[in-house]
Each structure stands twice: as structure tokens, then as C-alpha cells.
Amino acid sequence: MDNPSKHVLASELSVAWSNLSALEVLESALARFGEDKMAFVSSFGAESAVLLSLAARISPDLKIIFIETGFHFDETQRYAERLIDRLGLTRVVRVSIDPITRKRIDPDQRLHQVNPDLCCHIRKVEVLDRALKGLNGWVSGQKRYQDQMRAGVELLEFDSERDCFKVNPLAHWTAKRIEGYFQGYGLPRHPLIASGYSSIGCWPCTSPVKAGESVREGRWRGQAKTECGLHRPLRRQQGGMS
């Protein structure tokens, strides 16, 4: 549901928060929208530890949503457990596709090969839509430097698809700053980084990046697809998402 006044509010607060640190942006958002009405959404991927560390510094009891797609690397699952333990996170909620939907639309689990947009939609987008019901907002780890599609990310946006606000406290952070935070706080790295993975999603649609490629070029390699739809709605075509 689109709401012009909420888009305006998001724009105004983005400007008002522009000189705040990422931690202060989060504290301001949680104070305004309510800690019990906000959730952090994490893929436990290559850079996820930074946002999760910031959450833990505020309160280890903040709600963290981890979307279980059924296709995470084993390394991601182990990394998630390591981060949860390391940061002392106590409220990580794992959410996944409804079994009936999976059986009806992707019984042989090969949908990603023929319609990756629909696969993302039923395994990620619909799942997050359900998980955010009744909340005032969610927090994402999107950063402008990651690719051209994310170059316009603001500190605060109104997510009209879910009728709630989306906070992007790391929007203006650079790769160098992310690296500095990892080193400064001694955060563990995702094990696949050592194998050339810079953006890590589901194993069938994620590959290592080569020298000179952008951070997210290993996602859906060889396809026009660059996003899963969590942050930007994908086009609907006859027969599902495309």
C-alpha cells in the first residue's frame, strides 16, 4: 500500500539522520518505531556480521529474521550458528516457505533452473512478507557501493509493498569501512570468502567473483537477474514471477 506521507517522512528522517553513526541511526529508528515492532533481516552472508554486531551492541534480544530458503550453503548454516553464539543473539527467528506452497509450485525443487524469479518469490519474498506482518519496520544491510541497483539506497525508506519502514544504516558505508569494522571488532568471516565468494546467497545461484568484477556479480551469473525481490519488487509475468 503506497502512502505519500510516509514516503515524505522517510525522506525527512533520512536527511535528519545523515550525520549520525550507523549505531545512532539504529537507536533512533528503534526509539521511533518501537523495538518490539522492528526486525533485523539477515542472510548471514559475507558482510552480515557488521549489521548483526551493531544489533547486539544495542541489545542481544532484538529480533533477527533469517530466511531459510532450503538452499543455503552448509558453510552459511555453520557460520550463522557461530555468529549467533559469538554475538550472544537470543532472538534469531528462522522462517521458511510453507510446505504446501513448496509442494504445489516446486515439488522437485528445480524451480530455480526454469524460473529463478518465482523461486525467489516463494522462498524469500512471500516468507518475509509473512514474517513482517504487524511490524512497523525492518532493518537491512544494503549498501550503495554493492552495485548500481543499490546506488540510491537511503538511510530510511518506506516499503510500500509491506506498508512499513525499512532502515538501511549501512547505506553509505564503503567496502573499506566494512573491512575496518570486521578488523576493529574481530568479527569472524564467512568461510566461503576465502574461496572467492563476495556475495553469498543460495548455492545453486551463487558463484565466486573474478578479479575486476563487482561484489554481486556472482549472483545469478549469466542472467539479467540481479535481485531476489526482497528489496525491489520483480516484474510479474504470466505464469508467475519473471
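Questions about a predicted model

Tutor: The helices α3 and α4 make a right-handed crossing. The model is a predicted one.

Student: What makes the packing of α3 and α4 roughly parallel?

Tutor: The axes of α3 and α4, where α4 covers residues 74–87, are 10 Å apart and lie at an angle of about 25°. Angles under 35 degrees count as roughly parallel, and α3 and α4 are therefore given that description.

Student: Which residues make the contact of α3 with α4?

Tutor: From α3 come Ala49, Leu52, Ser53 and Ala56, and from α4 come Tyr79, Leu83 and Leu87. By class, that contact of α3 with α4 holds six nonpolar residues, one polar and no charged.

Student: Why are α2 and α3 called oblique to each other?

Tutor: Helix α2 (residues 22–33) and helix α3 (residues 48–58) pack at about 60°, and their axes are 10 Å apart. Roughly parallel needs an angle under 35 degrees and roughly perpendicular needs 65 to 115, while the rest, short of over 145, count as oblique. The value of about 60° falls in none of the named ranges, so α2 and α3 are oblique.

Student: In which hand does α2 pass α3, left or right?

Tutor: The crossing of α2 past α3 is right-handed.

Student: Which residues of α2 and α3 meet?

Tutor: In α2 they are Ala22, Leu23, Leu26, Glu27 and Leu30, and in α3 they are Leu51, Leu54, Arg57 and Ile58. Seven residues of the contact of α2 with α3 are nonpolar, two are charged and no polar residue takes part.

Student: How do you know that α3 and α8 are oblique to each other?

Tutor: Their axes cross at roughly 55° and come within 10 Å. That angle is neither under 35 degrees, nor 65 to 115, nor over 145, so α3 and α8 count as oblique. In this case α3 passes α8 in a left-handed crossing.

Student: What residues in α3 and α8 meet?

Tutor: Ala49, Val50, Ser53, Leu54 and Arg57 in α3 face Ile178, Tyr181, Phe182 and Tyr185 in α8. The contact of α3 with α8 divides into seven nonpolar residues, one polar and one charged.

Student: Why is Glu47 called buried?

Tutor: Buried means under 20% relative accessible area. Glu47 has 15%, so Glu47 is buried. Glu47 sits in the loop between β1 (38–42) and α3.

Student: What makes the pair Glu47 and Lys143 a polar contact?

Tutor: A polar contact has N or O atoms within 3.5 Å. The side chains of Glu47 and Lys143 are joined at 3.1 Å. Apart from neighbours within four places in sequence, Glu47 is also in contact with residues including Tyr145, Gln146, Ile178 and Phe182.

Student: How do you know whether Gly45 is buried or exposed?

Tutor: The relative accessibility of Gly45 is 2%, and the limit for buried is under 20%, so Gly45 counts as buried. Gly45 belongs to the loop between β1 and α3. Setting aside neighbours within four places in sequence, Gly45 is in contact with Tyr79, His190 and Ile200. Thr206 is 161 residues from Gly45 in sequence, and their C-alpha atoms are 11 Å apart.

Student: Why does Ala194 count as exposed?

Tutor: Exposed means over 50%. Ala194 has 75% relative accessibility, so Ala194 counts as exposed. Its place is the loop between α8 (175–185) and β7 (236–237). Between the C-alpha atoms of Ala194 and Pro208 the separation is 9.8 Å, with their positions 14 residues apart along the chain.

Student: What is notable about the phi of Gln109?

Tutor: Most residues other than glycine have a negative phi. Gln109 is not a glycine, yet its phi is near 55°, a positive value. Gln109 lies in the loop between α5 (99–105) and α6 (111–114). Its relative accessibility of 37% is between the limits of 20% and 50%, so Gln109 counts as partly exposed.

Student: What is the phi of Trp220?

Tutor: Trp220, again not a glycine, has a positive phi of about 50°. Trp220 is in the loop between α8 and β7. At 3% relative accessibility, against a limit of under 20%, Trp220 therefore counts as buried.

How values were computed: Residues numbered from 1 in each chain as written. Predicted model: local features only at pLDDT ≥ 70, side-chain atom pairs only at ≥ 80, totals over all residues. Heavy atoms only, no water. Axes fitted to C-alpha atoms, helices over the stretch in contact; angles between N-to-C directions. Helix = DSSP H or I, 4+ residues; strand = E, 2+ residues; numbered from the N terminus. Left-handed = near helix turned anticlockwise from the far one by under 90°. Contact = heavy atoms within 4.5 Å. Nonpolar A, V, L, I, M, F, W, Y, C, P; charged D, E, K, R; others polar. Buried < 20%, exposed > 50% of the residue type's maximum accessible area, 1.4 Å probe, protein only. Polar contact = N/O pair within 3.5 Å; in protein donor to acceptor, adjacent residues only side chain to side chain.
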